[in-house]
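This note is addressed to a colleague who is new to the structure. The numbered points below deal in turn with the ligand, the pocket and the cavity.

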Amino acid sequence: MKFVIVKDYAELSRKAAEMLVSEVKANPKSVFGLATGGTPVGMYRELIKLSQAQSIDFSQASSFNLDEYVGLSSTHPQSYRSYMQENLFNHINIPAEKTQVPVGNTIDHLAECARYEEAIRLAGGIDIQVLGIGNNGHIGFNEPGSPADSVTRVVQLTDSTIEANARYFDSVDQVPTQAVSMGIKTILGAKKVLLLASGEAKAEAVRLMLEGEPTADVPASLLQLHPNVTVIVDHEAASKLTTSVLAGTKPSGS
Ligand SMILES: N[C@@H]1[C@@H](O)[C@H](O)[C@@H](COP(=O)(O)O)O[C@@H]1O
């Protein structure tokens, strides 16, 4: 696991965007795994800036988002599809039909989840998966207890996740209680993973992710099982790490 501490959110956003640009420059047909939430907003902003400044071509690229709320239509302002359109897709030349976000308001969730897994497989798998991290260590919407062999499925959101995400809705009771989410196995199937964490509220989750054994109780800790993970955190998110992690002597085997 490659662990990078940066001074602040601006630097984190720049570094992450530069990694995605390198990816598409090296392979114009890159398959991106994308994330939502507050953390990657700055990365998308930087990515748009770099793309415009350097005329980066996404016309052959494709993308798969981690998750979507159950019950929200793609045009709902708080859907993750709307988020992606506003924060990225409307501003780069990735073809609309090559951007995939799970459909949250289908009548047949099982079929949608199976279709999504199959679409990732047919695309040749994800080249680089971007992740944020929830305060409770979730990745995508894989809440504590999500098994390492889980694939795309409907998941129940925990109260803490619903409360944390209520800031995007008018009130907490408008936050959907379920989501369609890629599973841990889906995420671990990506060739590379890039996890971003910023701010003190993430410090404990970052510590639990990197210290100790991989466990389903802290879904992000299962990333220790992946051979190519880059974690970029700012000083605040790194503030609870022990010196052994900071010195690069832990986690072992990565
Ligand atoms: N499903 C998303 C996650 O993908 C995201 O990582 C997490 C943290 O969000 P934020 O970056 O806003 O703290 O929120 C949501 O639950």
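1. How far is a nitrogen atom of the ligand from a polar backbone atom of Gly-140? The separation is 3.2 Å. Please bear in mind that the model is a predicted one, and that this distance, like the other values in the note, is computed.

2. Two further contacts of the ligand involve side chains. An oxygen atom of the ligand lies 2.9 Å from an N or O atom in the side chain of His-138. For Asn-165, a polar side-chain atom is placed 3.4 Å from an oxygen atom of the ligand. On its own, the ligand has 390 Å² of accessible area, of which the protein covers 94%.

3. The shell around the ligand should be considered as a whole. It consists of 14 residues, and the closest are Gly-38, Thr-39, Asp-67, Arg-167 and Lys-202. Sorted by class, this shell comprises seven polar, four nonpolar and three charged residues.

4. Which space does the ligand take? The ligand occupies the largest pocket. The volume of this pocket is about 670 Å³. Its lining is made up of 37 residues, and those closest to the pocket centre are Thr-36, Gly-37, Gly-38, Asn-165 and Arg-167. Gly-38 and Arg-167 therefore merit attention on two counts, since the residues closest to the ligand include both of them and being within 4 Å is the criterion for belonging to its shell.

5. Secondary structure also contributes to the pocket. Strand β4 (67–69) and the helices α3 (80–87) and α5 (159–165) each give two or more residues to the lining of the largest pocket. By class, the lining has 17 polar residues, 16 nonpolar residues and four charged residues.

6. Apart from the pocket, the enclosed space deserves a remark. How many cavities of 30 Å³ or more are counted? The count comes to one. The largest cavity has a volume of about 60 Å³.

7. The lining of the largest cavity can be listed in full: Leu-20, Phe-32, Leu-34, Leu-47, Phe-58, Ser-63, Leu-88, Phe-89, Ile-92 and Ile-94. Of these residues, nine are nonpolar and one is polar, while none is charged. Ser-63 is the polar member of the lining, because Leu, Phe and Ile count as nonpolar.

Note on methods: Residues numbered from 1 in each chain as written. Predicted model: local features only at pLDDT ≥ 70, side-chain atom pairs only at ≥ 80, totals over all residues. Heavy atoms only, no water. 1 Å grid on protein atoms, 1.4 Å probe; cavity = no way out; pocket = protein on both sides within 12 Å on 5 of 7 lines; lining within 4 Å. Points joined across faces, edges and corners; volume = space filled by probe spheres on them. Helix = DSSP H or I, 4+ residues; strand = E, 2+ residues; numbered from the N terminus. Polar contact = N/O pair within 3.5 Å; in protein donor to acceptor, adjacent residues only side chain to side chain. Areas by Shrake-Rupley, 256 points an atom, 1.4 Å probe, with all protein chains shown as cover. Sits in = over half its atoms within 2 Å of the grid points.
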